[in-house]
Amino acid sequence: MGIHLKDVEGYRISGLEFTRHMTGIYAEYAANAPSRKGLMIEDCYFHDSQLYGHYEDYPKRKIGLGVCLFSYECKQRVVMSDITIRNCEFRRLASAIWTNSPDNFNKAADNIWNFANMVIDGCHFEECKQWPIGLRGIAGGAVCNCVTLDIGRFNRAWNGVAGAMIQRCKNFVFEDSEWGFISIGPAGNVSGDGQAFDFEVNNLNHVMRRCLFHDTDGPGFLLCNGASGPGPQLDILLEKCVSNGKAMRVKENKFPKVEICNSADINRVTWKECRFYLSDGEKLSSRTKGLTFTDCLIKSLGKACSTENLALKATASASSAVSGHEASKAMDGNGNTSWRADKAADQWLQLDFGSPKTINEFRLREEASSSIARYVIECWDDRAAKWIGCFNGMAIGPDFIAPIVSRTTTKARLIIRKTTRGNPSIAEFEAYNDTTGGPPDQPPAGLPPSGMVNDSNPQVSYSGPWETYSSAAEIGGDEHYSNEKGASCQLAFSGTGVTVICVKNIDNGEAEVYLDGQLQGTVDTYSERRLSRQKLFQKSGLPPGIHTIKITVKGARQAASKDCHVVIDAFDIQPSPATP
């Protein structure tokens with residue numbers, strides 16, 4: 001370890017570099033020790049410590065971390081408060097900042113907070129293996145002005161990867177921060193999850209403002225229940241945030257293709273004045289019960305940047321340019337011309353609008369011979385008289401859309417940090433204030449579905465109390481379950497056959513099946529062990545057209561079962577034959 005602190009307070013650690021340590025700064029606090037106050041870590045650089053493994057028995061198991069605060073207190077006591085980590089850089093680590101304790105997987109510890117008033121401000125996290133920020137058991141704090149980029153790309157994280165994982169915390173503020181390019185790792189050996197941000201379990205009274213989530217292999221945002229405890233996410237407000245996750249590789253990790261993966265109806269989260277961009281085949285949320293959307297906007301990513309291109313009237317400048325490839329060639333509306341720098345790294349291309357303009361989307365078109373690998377888009381803040389980062393990116397390619405948290409600015413610039421080879425070249429650097437789109441709470445439209453229909457599909461209707469659970473073993477990564485007699489789920493479908501897919505388990509009971517209003521029989525879903533993707537009911541040979549399948553919890557069980565649950569995973573619809 002670099003620095004080992006034990007039951008101490010009042011330390012200030014500034015301006016140090018920590019490289020290849022198991023943990024750069026490790027601060028531990030004993031059970032029943034007096035409560036401590038005051039730890040400041042600022043302007044430090046933590047890098048190149050990538051030891052990795054299961055973390056249940058950390059610190060015995062060696063894992064490469066930047067900063068870890070470890071509490072051996074398992075009762076409801078604050079052992080350390082007033083912790084600040086400011087203006088630090090974390091690169092090429094297993095994870096960056098952890099608060100940890102021996103009871104991480106103790107589901108009975110949901111309401112225990114051992115740390116308080118923790119602030120992470122102005123920090124940069126890049127190329128970490130798992131979640132750079134992993135906070136557990138903290139009462140009060142903030143994460144502000146931070147950037148998290150390129151996480152999980154080089155390895156398989158055994159229990160999932162995310163830009164941040166927040167568990168068992170309360171009264172936090174997350175502001176002006178960005179989480180982007182979250183990978184599930186190499187093909188064939190993928191991690192779970194892959195979301196930009198994860199509220200894991202039992203998070204209370206958080207506020208997120210002006211945060212950006214983008215370019216994820218999994219869902220853009222995860223509201224999780226069950227994996228580390230039963231506690232819901234309550235009284236969480238997201239305001240003026242932007243989510244453009246894309247859910248690019250959910251077929252590999254078996255998650256639903258959604259911006260918001262909401263694993264339980266008991267979560268209570270409000271989204272206010274937020275914008276959501278959906279890629280092809282992507283939905284807003286796996287389920288919307290418990291979620292409130294106020295003055296939000298949802299749109300197809302492919303329809304972004306559809307209004308006036310503000311760059312066409314801007315003045316162009318650049319750090320350098322090759323003759324015939326001046327800065328103005330990147331904002332002339334002609335994709336066949338381009339700006340080309342005469343150096344490879346740390347080059348910039350700038351738009352000067354002449355007067356304040358509101359911008360919420362950028363579009364970048366890279367010239368074919370260019371190979372940009374790292375860049376940042378910045379907007380000028382007139383009041384603070386400085387540049388503010390609004391999007392951190394990796395590769396660009398022929399056409400890349402970068403939605404941002406809306407800003408009013410007089411100028412914007414693209415800074416090229418690194419290329420794979422040669423000098424950077426941009427065909428078009430476009431800027432938009434595109435407010436087109438619609439509200440996210442519009443009811444689903446179209447004909448009844450056919451094919452595989454997940455249990456969280458909006459066209460599956462539920463009556464009575466049903467809970468939800470996330471599981472990678474199930475179709476779509478989730479399931480609905482109920483043990484309430486009379487609770488039912490129903491689907492109208494178009495086809496000639498239907499298979500109801502369920503989960504069987506030791507606490508399951510009997511289900512009644514109705515097809516087109518007629519009782520088909522009672523099915524016992526009990527099993528001596530959990531069995532996923534099981535056939536509850538199957539019917540073929542129906543006349544082509546619209547039919548209705550309904551599953552009702554009977555409230556009965558055999559003597560060996562522990563309860564009367566019925567668990568619904570999906571409906572497999574045999575489509576009607578095509579008409580000539």
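Me: What does the secondary structure of the chain come to, in helices and strands?

Reply: This is a predicted model, where local features need pLDDT of at least 70, side-chain atom pairs count only at pLDDT 80 or more, and totals for chains, interfaces and linings use all residues. Residues are numbered from 1 along each chain as its sequence is written, and side-chain values use heavy atoms, with hydrogens and water left out. Helices (H or I, at least four residues) and strands (E, at least two) are DSSP runs, numbered from the N terminus. By that assignment the chain has one helix and 48 strands.

Me: What radius of gyration does the chain have, and how does a compact globule compare?

Reply: The C-alpha atoms fill a box of roughly 75 × 75 × 40 Å along the principal axes. The globule rule is 2.2 Å times the number of residues to the power 0.38, with the radius of gyration taken over C-alpha atoms. For 580 residues that gives a radius near 25 Å, so the chain agrees with a compact globule at 26 Å.

Me: What share of the residues of the chain count as buried?

Reply: Let's look at the surface to begin with: about 22,700 Å² is exposed, and carbon and sulfur atoms supply 48% of it. Those areas come from the Shrake-Rupley method with a 1.4 Å probe, and for residues only the protein chains shown count as cover. A residue is buried under 20% relative accessible area, exposed over 50% and partly exposed in between (1.4 Å probe, protein chains only). Of the 580 residues, the buried share is 57%.

Me: Among contacts with a separation of 6 or more, how much do residues 24 or more positions apart account for?

Reply: A contact here means heavy atoms within 4.5 Å. Among contacts in the chain with a separation of 6 or more, residues 24 or more positions apart account for 76%.

Me: How many salt bridges does the count come to?

Reply: The rule asks for a side-chain nitrogen of Lys or Arg within 4 Å of a carboxyl oxygen of Asp or Glu. One network of such bridges links Asp-48, Glu-89, Arg-91, Arg-92, Glu-126, Glu-127, Asp-150, Arg-153 and Arg-374. For the count, the rule gives 32 salt bridges.

Me: Are Glu-127 and Arg-374 buried or exposed?

Reply: The side chains of these two residues meet in a salt bridge at 3.4 Å, N to O. Glu-127 lies in the loop between strand 12 (124-126) and strand 13 (133-144) and Arg-374 in strand 34 (residues 372-381), so the pair ties together parts 247 residues apart in sequence. As for their surroundings, both Glu-127 and Arg-374 are buried.

Me: How far apart are the closest N and O atoms of Arg-36 and Glu-9?

Reply: Arg-36 is partly exposed at 21% relative accessibility, and Glu-9 is partly exposed at 38%. The two residues form a salt bridge, with the closest N and O atoms separated by 4.0 Å.

Me: Which residue is the bridge partner of Trp-380 in strand 35?

Reply: Two strands pair if DSSP finds at least two bridges between them; strand 34 and strand 35 run antiparallel and are joined by seven. They form a hairpin with four residues between them, and Ala-385 in the turn has a positive phi of about 55 degrees. Strand 35 (residues 386-393) is mostly covered, with six of its eight residues buried. Within strand 35, the partner of Trp-380 is Trp-387.

Me: Which strands are the edge strands of the open sheet with the order 39-42-47-44-45?

Reply: This sheet of five strands has antiparallel pairing. Inside it, strand 44 (residues 510-515) pairs with strand 45 over six bridges, and Val-513 stands opposite Gly-521. The edge strands, each pairing on one side only, are strand 39 (460-463) and strand 45 (518-524).

Me: What relative accessibility does Phe-571 have?

Reply: Phe-571 is in strand 48 (residues 566-574). Leaving out residues up to four places away in sequence, Phe-571 touches several others, including Met-452, Val-460, Cys-489, Leu-491 and Ile-549. Phe-571 counts as buried because its relative accessibility is 0%.

Me: Which residues is Ala-472 in contact with, leaving aside neighbours within four places in sequence?

Reply: Ala-472 lies in the loop between strand 40 (467-470) and strand 41 (478-482), and is partly exposed with a relative accessible area of 44%. The C-alpha atoms of Ala-472 and Gly-192 are separated by 7.9 Å, although these residues are 280 apart along the chain. The contacts of Ala-472 are Asn-253, Lys-254 and Arg-533.
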